[in-house]
Amino acid sequence: RRWQSSLPQPDHVDRSDEESGGEIDWDNLGFGLTPTDYMYVMRSSPEDLGAFPRGELCRYGNIELSPSSGVLNYAQGLFEGMKAYRRPGRGGYTLFRPEENARRMQFGAERMCMPAPSVDQFVSAVKETVLANRRWVPPQGKGALYLRPLLMGSGPILGLAPAPEYTFLIYAAPVGNYFKEGLAPINLIVDDEFHRAMPGGTGGVKTIANYAPVLKAQMDAKSKGFTDVLYLDSVHKRYLEEVSSCNVFVVKGGVVATPATRGTILPGITRKSIVELARDRGYKVEERLVSIDDLIDADEVFCTGTAVVVAPVSTVTYQGRR
Ligand code: COI
């Protein structure tokens, strides 16, 4: 099975330490897809017994998939989101806590009955992808190179069962701010009709299947001028879960609270970092059920995520009231 008609070998990758490419408007990156030069591909076949023996860089481009692959038919897939930044001063690149993404992928793979790369394999593959695409890392202060690791059931399967073959792939794209508001505060609407996850479901892992189902709510919200949707729990319709693409925090009287991750909420790496940083700085941080009343009563609200980073919230609309 071929992925590309001409796969360059890893030692053909241009590793010259170029500055960021010239033709891009670095000041207006946003979160659109700018294709880069290379992606990383690694496969696990049945004879590999759940291991990923070796991967390689190849030219970024379309991939071949069986129409009956597990990912296309049964959404047996996970993704990660991570960022690499140009390091100030002596050059080089900084990744933000890549081992956390590697472990989260392993956790999700267990839930989705997939083998996963080891932490070392994952992190090395990310580093290779960044270096191969180094000309696409934005200048300091202009954004980051976003890495999108994917893990998918690429082997063919017709009856509902785990796929016989898996593919781990990382591609990269330079990005700026996620929301069109840039760094300005965003406007959320609380949805009490659609839910993102349910107890016993997959809301707590980064499966691709968690994301298409929120599109309808998100599109409705955008058409009404809101930035994004804040979802409530599906049982009581009363407790905050998360926004389509990020976690949520509320602050009241200097106490920081965020919904506890009990299986329906994605354990965000930026979320975890904010909890740790706030505690280190002496704030009381509560990971608990956060109700819609807590939100209405809050002094401050903000969202966190890899793509979003930290986004202050300007307004929240719930049942027609702001
Ligand atoms: C990220 O923040 O990296 C995500 O994966 C969210 C995605 C919907 C952009």
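I'm counting helices and strands as DSSP runs, helices being H or I of at least four residues and strands E of at least two, numbered from the N terminus. With that, Val 309 sits in strand β15.

**Ground rules**

The model is predicted, so I keep local features only at pLDDT of at least 70 and side-chain atom pairs only at pLDDT 80 or more, while totals for chains, interfaces and linings use all residues. Residue numbers run from 1 along each chain as its sequence is written.

**Whole chain**

I looked up the secondary structure of the protein chain and got six helices and 15 strands. The radius of gyration is 20 Å, close to the 20 Å from the globule rule for 322 residues, so the chain is as compact as a globular protein of that length. That radius is taken over C-alpha atoms, and the rule is 2.2 Å times the number of residues to the power 0.38. Along the principal axes, the C-alpha atoms fill a box of roughly 60 × 55 × 40 Å.

For burial I count other C-beta atoms within 10 Å of a residue's own, placed from the backbone: 20 or more is buried, 12 or fewer is exposed, and in between is partly exposed. Buried residues come to 40% of the 322. A contact means two C-beta atoms, placed from the backbone, within 7 Å. Of the contacts between residues at least 6 apart in sequence, 70% join residues at least 24 apart.

**Lys 206**

I checked the record next: UniProt, in an unreviewed entry, lists Lys 206 as "modified residue: N6-(pyridoxal phosphate)lysine". UniProt positions are in the numbering used here, feature names are shortened, and annotations may be inferred rather than shown by experiment. Lys 206 is in the loop between β8 (186–191) and α4 (215–223). Is Lys 206 buried or exposed? Lys 206 has 25 other C-beta atoms within 10 Å, so I call it buried. Leaving out residues up to four places away in sequence, Lys 206 touches Leu 78, Phe 79, Glu 80, Arg 104, Gly 108 and Leu 266.

**Ligand shell**

Which residues are around the ligand? I get Gly 81, Tyr 211, Ser 245, Gly 305, Thr 306, Ala 307 and Val 308, where near means a C-beta atom, placed from the backbone, within 6 Å. The shell splits into three nonpolar, four polar and no charged residues. In that scheme Ala, Val, Leu, Ile, Met, Phe, Trp, Tyr, Cys and Pro are nonpolar, Asp, Glu, Lys and Arg are charged, and the others, Gly among them, are polar.

**Two helices**

α5 (residues 269–280) has 12 residues and reaches 16 Å from first C-alpha to last, close to the 16 Å expected at 1.5 Å a residue. The expected span is 1.5 Å times one less than the number of residues. Its buried residues are Ile 269, Thr 270, Arg 271, Ile 274 and Val 275. Their cover includes α2 (98–111), β11 (247–252) and β14 (300–305). Just after α5, Gly 282 takes a positive phi of about 95°.

I ran the span check on α3 too: its 14 residues should span 20 Å, and the end C-alpha atoms are 20 Å apart, which agrees. Phe 122, Ala 125, Val 126, Thr 129, Val 130 and Ala 132 are its buried residues.

**Positive phi outside glycine**

Most residues other than glycine have a negative phi. Cys 113 goes the other way, with a positive phi of about 55°. Cys 113 is in the loop between α2 and α3 (119–132), and it is exposed, with 12 other C-beta atoms within 10 Å.

Val 309 also has a positive phi, near 65°. Val 309 is partly exposed, with 16 other C-beta atoms within 10 Å. Val 310 is in β15 as well, and counts as partly exposed with 14 C-beta neighbours inside 10 Å. Past four places in sequence, Val 310 touches Phe 302 and Thr 304.

**Tyr 239**

Tyr 239 is in the loop between β9 and β10 (240–243). Its count is 21 other C-beta atoms within 10 Å, so Tyr 239 is buried. Tyr 239 and Val 290 are 51 residues apart in sequence and 5.5 Å apart in space, C-alpha to C-alpha.
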